[in-house]
Amino acid sequence: METTIQVDGNATKDETYRQLYPQLQGLISGEPDLIANLSNIVSALKTAMAHYSWVGFYLRYGDTLVLGPFQGKPACVSLTVGKGVCGTSAVEARTVVVPNVYEFPGHVFCDAESKSEIVVPLVRSGKVVGVIDVDSHEFNQFDDVDARWLEQVAGMVTEELGGPLDAYRTWAAERMHEGAS
Ligand code: SME
């Protein structure tokens, strides 16, 4: 497995995602371990995308989103479905782009320096099973280009890691959380 991420530092954002996407597929190819794969995906995204200050997964257990593999500063462990940017994306099953977090009602500050954000749902068999959350320390950093590519990454996760994702959420729900659905 090739673990070196190579993107052209002068490329546009769209081109950078285009160069990165097959490398994400290469990182998870043939590897069944969910934690290893989610960890490598967020590491590769953070390595390649200069406008990210934080990127991570939250996995859903009932009405709670629980922190998963991430890159960046330590973050809030538990979020509520329906509240904040992540919770809104989860309850509405849609990508939420926030140009200015100060203008988003109920935004949850895990990092006081965060200024803009994008959250993309992980949809499996019609249900939101988690989200990908990305923050930036600058305003207006996320747009349709990020949305389109992060939705592709979310699709990669739910399709190619769907089995391990279901198994892990069931295991964690029984031992630690209120229910996986
Ligand atoms: N800002 C998010 C909380 C998660 S952190 O950004 C990592 C929200 O409002 O849901």
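# Close-up views

**Figure 1. Asn140 lies in the loop between E6 and helix H4 (144-160).** Helices (H or I, at least four residues) and strands (E, at least two) are DSSP runs, numbered from the N terminus. The model is predicted: local features need pLDDT of at least 70, side-chain atom pairs count only at pLDDT 80 or more, and totals for chains, interfaces and linings use all residues. Residue numbers start from 1 along each chain as its sequence is written, and side-chain values use heavy atoms, with hydrogens and water left out. Asn140 has a positive phi, near 55°, and is a residue other than glycine. Its relative accessibility is 57%, so Asn140 counts as exposed. The classes are buried (under 20% relative accessible area), exposed (over 50%) and partly exposed (in between), with a 1.4 Å probe and protein chains only.

**Figure 2. Ser125 occupies the loop between strand E5 (116-124) and strand E6 (127-136).** Here too phi is positive: Ser125 has about 50°, although it is not a glycine. Ser125 counts as exposed because its relative accessibility is 74%.

**Figure 3. The whole protein chain has five helices and six strands.** From the N terminus, the elements run α-α-β-β-β-α-β-β-β-α-α. The C-alpha trace spans about 45 × 40 × 30 Å along its principal axes. A compact globule of 181 residues would have a radius of gyration near 16 Å; the protein chain has 15 Å, which agrees. That radius is taken over C-alpha atoms, and the globule rule is 2.2 Å times the number of residues to the power 0.38. Of the 181 residues, 50% are buried. The accessible surface of the protein chain is about 8,400 Å², and carbon and sulfur atoms hold 48% of it. These areas come from the Shrake-Rupley method with a 1.4 Å probe; for residues, only the protein chains shown count as cover. A contact means heavy atoms within 4.5 Å. Among contacts between residues at least 6 apart in sequence, 53% join residues at least 24 apart.

**Figure 4. The charges of the protein chain: 13 positive and 24 negative.** Lys and Arg count as positive, Asp and Glu as negative; His and the chain ends are not counted. Each charge is placed at NZ of Lys, CZ of Arg, CG of Asp or CD of Glu. The mean positions of the two sets are 5 Å apart.

**Figure 5. Aromatic rings: the count comes to eight pairs.** Trp54 and Phe70 form a stacked pair, 5.5 Å centre to centre with 20° between the planes. This pair links distant parts of the chain: Trp54 is in strand E1 (residues 54-61) and Phe70 in strand E2 (residues 64-71), 16 residues apart. By the pairing rule, ring centres of Phe, Tyr and Trp (its six-membered ring) lie within 6.5 Å; planes under 30 degrees apart are stacked, over 60 edge-to-face, and the rest tilted. Trp54 is buried, at a relative accessible area of 5%. Phe70, at 27% relative accessibility, is partly exposed. Elsewhere, Tyr17, Tyr21 and Trp149 make up one aromatic cluster.

**Figure 6. Tyr52 lies in the loop between helix H2 (34-48) and E1.** With a relative accessible area of 5%, Tyr52 is buried. Not counting residues up to four places away in sequence, Tyr52 touches Tyr17, Leu45, Lys46, Val134, Asp135, Phe142, Asp146 and Leu150. One of these, Tyr17, belongs to the aromatic cluster with Tyr21 and Trp149. The C-alpha atoms of Tyr52 and Thr12 are 15 Å apart, across 40 residues of chain.

**Figure 7. Thr16 and Leu27 in helix H1.** Thr16 lies in helix H1 (residues 13-28), as does Leu27. Thr16 is buried, with a relative accessible area of 7%. Leu27 is buried too, at 3%. Setting aside residues up to four places away in sequence, Thr16 touches Val7, Asp8, Ala11, Ala48 and Met49. The C-alpha atoms of Leu27 and Glu2 are separated by 6.9 Å, although the two residues are 25 apart along the chain.

**Figure 8. Glu178 is in the segment after helix H5 (162-175).** At a relative accessible area of 57%, Glu178 is exposed. Beyond its neighbours within four places in sequence, Glu178 is in contact with Tyr61, Gly62, Asp63, Thr64 and Ala173. The C-alpha atoms of Glu178 and Tyr21 are 34 Å apart; 157 residues separate the two along the chain.
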